[in-house]
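Q: Please go through this structure and show how each descriptive term follows from its value and its cut-off.

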Amino acid sequence: MKSQDTPFVGGPLDGRVLPVLLGLTGHPPKTYRVPVPDADGGPPTVLVYRRVPAGPPGRFGLHPGWKYSYDPEGDLGRRQRWPWPKPRTKAGGTPHGDGPDTTTG
């Protein structure tokens, strides 16, 4: 697998440059989660970093690369949104929640 040295800005990893694995498109992941173990043996704290451009485009419009910026709120509730989402179902209803399925066939 290919990796890229990526700088981290803000938070506990401020100023560090870590190797980050690249995806199929050659870009690092949009979010980078770092679990930090608790000293008392409790659940680990998760630090969340978001991918941002490293700077403005260069003279010829070339992309300057990426860096990770600390997200103190760390919205972990986000989930992968596929282009073909499964319809959400309600308990005892059809995929669109219109009521019980009464079709026979």
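**Contacts and core**

Q: What makes certain residues count as touching Val 20?
A: The criterion is contact, which means heavy atoms within 4.5 Å. Leaving out residues up to four places away in sequence, Val 20 touches Lys 2, Ser 3, Gln 4, Thr 6, Phe 8, Pro 28, Pro 29, Tyr 32 and Tyr 68. The model is a predicted one, in which local features need pLDDT of at least 70 and side-chain atom pairs count only at pLDDT 80 or more, while totals for chains, interfaces and linings use all residues. Residues are numbered from 1 along each chain as its sequence is written, and side-chain values use heavy atoms, with hydrogens and water left out.

Q: Why is the set that includes Val 20 and Tyr 49 called a nonpolar core?
A: The term is reserved for buried Ala, Val, Leu, Ile, Met, Phe, Trp, Tyr and Cys residues joined through side-chain atoms within 4.5 Å. The largest such core has 7 residues, namely Phe 8, Leu 13, Val 20, Val 34, Leu 47, Tyr 49 and Tyr 68. In soluble globular proteins, nonpolar side chains tend to be buried together.

Q: How do you know whether Tyr 49 is buried or exposed?
A: Buried means under 20% relative accessible area, exposed means over 50%, and partly exposed lies in between (1.4 Å probe, protein chains only). Tyr 49 has a relative accessible area of 0%, so this residue is buried. Its place is in strand β4, where a strand is a DSSP run of E of at least two residues, while a helix is a run of H or I of at least four, both numbered from the N terminus. The C-alpha atoms of Tyr 49 and Gly 10 are 8.9 Å apart, although 39 residues separate the two in sequence.

Q: Is Leu 22 buried or exposed, and where in the chain is this residue found?
A: Leu 22 is found in the loop between β2 (17-21) and β3 (31-36). With a relative accessible area of 12%, Leu 22 is buried. Apart from neighbours within four places in sequence, Leu 22 is in contact with Met 1, Lys 2, Ser 3, Gln 4, His 27 and Pro 28. The C-alpha atoms of Leu 22 and Ser 3 are 5.4 Å apart, across 19 residues of sequence.

Q: Is Asp 5 buried or exposed?
A: Asp 5 has a relative accessible area of 56%, so the residue is exposed. Asp 5 lies in strand β1 and touches Val 17, Leu 18 and Pro 19 when residues up to four places away in sequence are not counted.

**Salt bridge**

Q: Why is the meeting of the Arg 50 and Asp 71 side chains called a salt bridge?
A: The rule asks for a side-chain nitrogen of Lys or Arg within 4 Å of a carboxyl oxygen of Asp or Glu. The N to O distance for Arg 50 and Asp 71 is 3.1 Å, and the count under this rule comes to 1 salt bridge. Arg 50 lies in strand β4 (residues 45-53) and Asp 71 in strand β5 (residues 66-71), so the pair ties together parts that are 21 residues apart in sequence. Both residues are buried, and for Asp 71 the relative accessible area is 17%. Outside its neighbours within four places in sequence, Asp 71 is in contact with Val 48, Tyr 49 and Arg 50.

**Sheet**

Q: What makes the 5 strands an open sheet with mixed pairing?
A: Two strands pair if DSSP finds at least two bridges between them. Strand β1 (residues 3-9) and β5 pair in the parallel sense over 2 bridges, whereas β4 and β5 run antiparallel and are joined by 6 bridges. In β5, Ser 69 is the bridge partner of Val 9, and Trp 66 stands opposite Pro 53. The order of the open sheet is β2-β1-β5-β4-β3, with mixed pairing. Its edge strands are β2 and β3, each of which pairs on one side only.

Q: What is the make-up of the protein as a whole?
A: The protein has 0 helices and 5 strands. Buried residues make up 17% of its 105 residues, and among contacts between residues at least 6 apart in sequence, 28% join residues at least 24 apart.
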